[in-house]
Amino acid sequence: MRAQNMAATLFPLLVLSGLAALAFWLKEAITMPFQAEEGKKLDTPDAIVENLTLYRYDMNGTLRYRMTASRMEHYPSDDNSLILTPRLIHYRPKLPDVTLTAQSAFVTEKGERVLLRDDVVLTRAAYAGRAALVARTPELTVLPEEGKAFNDKPVAITQGATWLNGIGLLADHDLGTFTLRRKARGEYVQAPSAKKP
């Protein structure tokens, strides 16, 4: 598994800008022309959306992203949003889909930072005889505008029988690279070649 190829296909960080855009959209959609009730707790959400599904299309009308979540809450005190059970699918022409799931996502004001928590899974679908590529980690912080993601947690990446584990991830979309910061180890198993008649 080459790190640059893996980074480009497994960590398309622009996918996560969908979460940031969703949070910004919700903030704009719920902006109300009146003041919050006096005495209302600052930690109370001012907007809640349940069982949501959002689609994003490109300029040609081709579906690029689909996001579902069981619940989204916006908090006016700090302009942050909490998304429960997000599932974001990035549809890529002539390339395998990439799916991101987590138990929760916390999106800061203006979507500058997305914190994914609890069983974060990035999956690049199987294609062209290659097994699906799956990365798992308990937590991942993403800076969508900078095209970077990082954590200091265990990371496990598999593709068929090939595997790579380590602690601490730094992915850079612009450079097309990712780094496991320490205790990196793995095994590369070459896929069997197709037999010729």
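Two strands are taken as paired if DSSP finds at least two bridges between them. In this predicted model, strand β3 (residues 80-84) and β6 meet that condition with 4 bridges, and the two run antiparallel. Strand β6 is also joined to β7 by 4 bridges, again in an antiparallel arrangement. Within the first pairing, L84 stands opposite S104 of β6; within the second, S104 stands opposite R117 of β7. S104 thus has a facing residue in β3 and another in β7.

The protein chain contains 2 helices and 11 strands. Read from the N terminus, the order of elements is α-α-β-β-β-β-β-β-β-β-β-β-β. The chain has 197 residues, of which 39% count as buried. Its accessible surface amounts to about 11700 Å², and carbon and sulfur atoms contribute 53% of that area. Among contacts with a separation of 6 or more, 43% involve residues 24 or more positions apart.

Confidence varies along the chain. The mean pLDDT is 79, and 74% of the residues reach 70 or more. Of the elements, β9 has the highest mean pLDDT, at 91, whereas helix α1 (residues 3-10) has the lowest, at 48. Two segments stay under 50 in pLDDT: residues 1-9 and residues 32-36. For residues 1-9 the model has 25 contacts beyond four places in sequence, while for residues 32-36 it has 0 such contacts. Where pLDDT is low, the predicted coordinates should not be read in detail.

The largest nonpolar core comprises 26 residues, and I83, L116 and L140 touch the most other members. Elements that supply two or more residues to this core are β2 (63-75), β6 (104-107), β7 (114-124), β8 (133-143), β9 (148-159), β10 (162-172) and β11 (177-187). The surroundings of L140 can be listed individually. Leaving aside residues up to four places away in sequence, L140 touches V114, L115, L116, V120, L122, A149, F150, N151 and L169. L116, one of these neighbours, is itself among the core residues that touch the most other members.

Side chains of opposite charge can pair when their charged atoms come close. The count of salt bridges in the model comes to 4. One of them joins E50 and R71, with the closest N and O atoms 2.5 Å apart. E50 belongs to strand β1 (residues 47-57) and R71 to strand β2, so this pair ties together parts that are 21 residues apart in sequence. R71 also meets E73 in a salt bridge, with an N to O distance of 2.6 Å. E50, R71 and E73 are accordingly linked in a network of salt bridges. The relative accessibility of R71 is 22%, and this residue counts as partly exposed. E73, by comparison, has a relative accessibility of 10% and counts as buried, because the cut-off for a buried residue is under 20%.

A further salt bridge is formed by D119 and R136, whose closest N and O atoms are 3.0 Å apart. D119 lies in strand β7 and R136 in strand β8, so the pair ties together parts that are 17 residues apart in sequence. Both partners count as partly exposed: D119 has a relative accessible area of 42%, and R136 a relative accessibility of 43%.

Backbone geometry was examined next. Most residues other than glycine have a negative phi, and most peptide bonds are trans. T85, although not a glycine, has a positive phi of about 45 degrees. This residue is found in the loop between β3 and β4 and is partly exposed, with a relative accessible area of 34%. K183 also has a positive phi, near 55 degrees, and is likewise a residue other than glycine. K183 lies in strand β11 and is exposed, with a relative accessible area of 65%.

P93 is placed in the loop between β4 (87-90) and β5 (98-101). Its relative accessibility of 56% makes P93 an exposed residue. P93 and L63 are separated by 30 residues in sequence, and their C-alpha atoms are 9.6 Å apart in space.

Methods. Residues are numbered from 1 along each chain as its sequence is written. This is a predicted model: local features need pLDDT of at least 70, side-chain atom pairs count only at pLDDT 80 or more; totals for chains, interfaces and linings use all residues. Side-chain values use heavy atoms; hydrogens and water are left out. A nonpolar core is a set of buried Ala, Val, Leu, Ile, Met, Phe, Trp, Tyr and Cys residues joined through side-chain atoms within 4.5 Å. Buried means under 20% relative accessible area, exposed over 50%, partly exposed in between (1.4 Å probe, protein chains only). Contact means heavy atoms within 4.5 Å. Accessible areas come from the Shrake-Rupley method with a 1.4 Å probe; for residues, only the protein chains shown count as cover. A salt bridge is a side-chain nitrogen of Lys or Arg within 4 Å of a carboxyl oxygen of Asp or Glu. pLDDT is the predictor's confidence in each residue, from 0 to 100.
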